[in-house]
Amino acid sequence: MRSDFFQWTLIFLGLVCAALLSVFFYREMFPEYRIYQKDYIALEEFRSTYTGEPPPQFNQEVKQIVIERDDKGPPVVDRCISCHVALKLPDFSPTKIAYDINGNLELDERGWPKTVPNENYVWAKLQQKIDELTDDKVNEQLKSQGEYSKVSQRLAEADTLKKLKTAKVGDHVYDVTKVLQMHPLIGRETRPFEYHPIEEYGCNSCHSGNGRGLTTEKAHGPVFDGKYHAEFTPNKPQFLEEDLQNDPKFSKVFNAKPGHDLLFQTTPILVGSLMQAKCIQCHQSSQNAIKSAVDAASMVTKQREKQSQEIEKGFEREKDALLSLLELSRSVKELGLEKTLSLLEGRTRDYSLLPAQMEKIDSQLSTLKKMQAQGLKQEQILQKLNEQIVSILGSPGLADEAEKERGKTALDRFLQKRLDDPRATGTIFVKLAQVNLENAVRQHIQDTETSFAKTVSDQKTISEMK
């Protein structure tokens, strides 16, 4: 009888081990990150249907960044890119960098690159395709022609595409359009991670979270789509003896808060403006000594100088774009579209021009040819050019007046003279006002720095400070 008991116990424990191994193998064979990677592959295949480009090669696997620490401690492992695989891809961004008629970056009044809606945004294209497939008028017409199978195929395809937008994991439904998204541009970036390469900084150095996690809950912590609820625990665990100096912080902060799936999650992801709390880890300045203060003042001056240069660069580029638009508009009006295109093509073969000038002419020629390829007539092209001029200046009246100005010097005088005009609401006047303000602020900072430098170089003053 006793031997039977042990035999049944061994059988039961064997079954338990087999069940645990089965769960382990299932999770290894079908991990959560593969859901998003499969969706990415499907999106690239969908994108190739309208671009004609073959989908890029992609291996489904754990993708990670290993960052060695300066103190030679254990390296930091960041696996966020296992799920967020489209962080660098422009087609996964709803916006793109704007370029002017001369092919230069458009800068706003702060000197930051402007963005415009991205016509190649893959999620917008996907929704457009879904709307096309589920169009009731088209489907009803097909049904009236007896093509019921074709309607069923269209609806099935639309349903397949819809499923790419969400992912069901356990009890949660996640928005895949947020997972497969290009990283937003920060400040003066023209491409993702231009100033903070992801290979050097990783993701959790800014966003916090658990970089080693391979599931949403483990990686993001107790912040995911507002579905976190505290678990009911009537008896909260307490330390037998309180040691305020040495007790780990999570012993107080997270006691009885996370559910069983989130125990001891000490690094919840930072959302929104909270991410700026991580910047101070690197971007620090010391003011412990007079020399540090002098260095800080000098650094502020240099930073302001750099900022002013960017703002001025944005103004100069928009002024060049306005000048080119005015010249193109006059040329098309006086010589006609074909003669203007012929003149521009002739200038592209003038190898005495500087490379920057050649690039401008190529961009102008490309813009006009693109309009012509869209089927626009000469009057419609003139209207398009005029709309751009009006958006820069702010009113049709100012556009008509500016058309009489020829050359940079004349245009400069015109802009300064019309700066206080109530009609001057265009982007170029906003930038001109900002340039004037920056020049005044920069002069004030330089005067202050000179005064400060004289003060701290006075030995009597330094002695009194000490």
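Is glutamate 140 buried, partly exposed or exposed? In this predicted model, glutamate 140 has a relative accessibility of 48% and therefore counts as partly exposed, since the exposed class begins over 50%. The residue is placed in helix α4, which covers residues 136-144. Together with Asp131, Asp135 and Asp136, Glu140 forms a negative surface patch.

Salt bridges were searched for across the whole structure, and 16 were found. One of them pairs glutamate 199 with lysine 88, with 2.6 Å between the closest N and O atoms. Glutamate 199 belongs to helix α7 (residues 198-201), whereas lysine 88 is in the loop between β2 (76-78) and β3 (95-97), so the contact ties together parts that are 111 residues apart in sequence. Both partners fall into the intermediate accessibility class: glutamate 199 is partly exposed at 48% relative accessibility, and lysine 88 is partly exposed at 43%.

A salt bridge within a single helix is formed by aspartate 159 and lysine 163, both of which lie in α5 (residues 148-163). The closest N and O atoms of aspartate 159 and lysine 163 are 3.5 Å apart. The two residues are separated by four positions, about one turn of the helix. An α-helix has 3.6 residues a turn, so residues three or four places apart point the same way. Aspartate 159 is partly exposed, with a relative accessible area of 37%, while lysine 163 is exposed, with a value of 55%.

Aspartate 412 and lysine 319 also meet through their side chains in a salt bridge, at an N to O distance of 2.6 Å. Here the partners come from two helices, aspartate 412 from α16 (residues 408-417) and lysine 319 from α11 (residues 290-335), so the pair ties together parts that are 93 residues apart in sequence. Aspartate 412 is partly exposed, with a relative accessible area of 29%. Lysine 319, by contrast, has a relative accessible area of 3% and is buried, because the buried class takes in values under 20%. Elsewhere, Glu44, Arg47, Glu53 and Asp91 are joined into one network by salt bridges that share partners.

Helix α13 was examined for its length and burial. Its 19 residues (355-373) should span 27 Å at 1.5 Å a residue, and the end C-alpha atoms are 26 Å apart, which agrees with the expected span. The buried residues of α13 are Met358, Ile361, Ser363, Gln364, Leu365, Leu368 and Met371. Just after α13, glycine 375 adopts a positive phi of about 90 degrees.

Methods. Residues numbered from 1 in each chain as written. Predicted model: local features only at pLDDT ≥ 70, side-chain atom pairs only at ≥ 80, totals over all residues. Heavy atoms only, no water. Expected span 1.5 Å × (residues − 1). Buried < 20%, exposed > 50% of the residue type's maximum accessible area, 1.4 Å probe, protein only. Patch = residues over 30% accessible without salt bridge, like charges linked within 9 Å, V, L, I, M, F, W, Y side chains within 5 Å. Areas by Shrake-Rupley, 256 points an atom, 1.4 Å probe, with all protein chains shown as cover. Salt bridge = Lys/Arg side-chain N within 4 Å of Asp/Glu carboxyl O. Lys, Arg positive; Asp, Glu negative; His and termini not counted. Charge placed at Lys NZ, Arg CZ, Asp CG, Glu CD.
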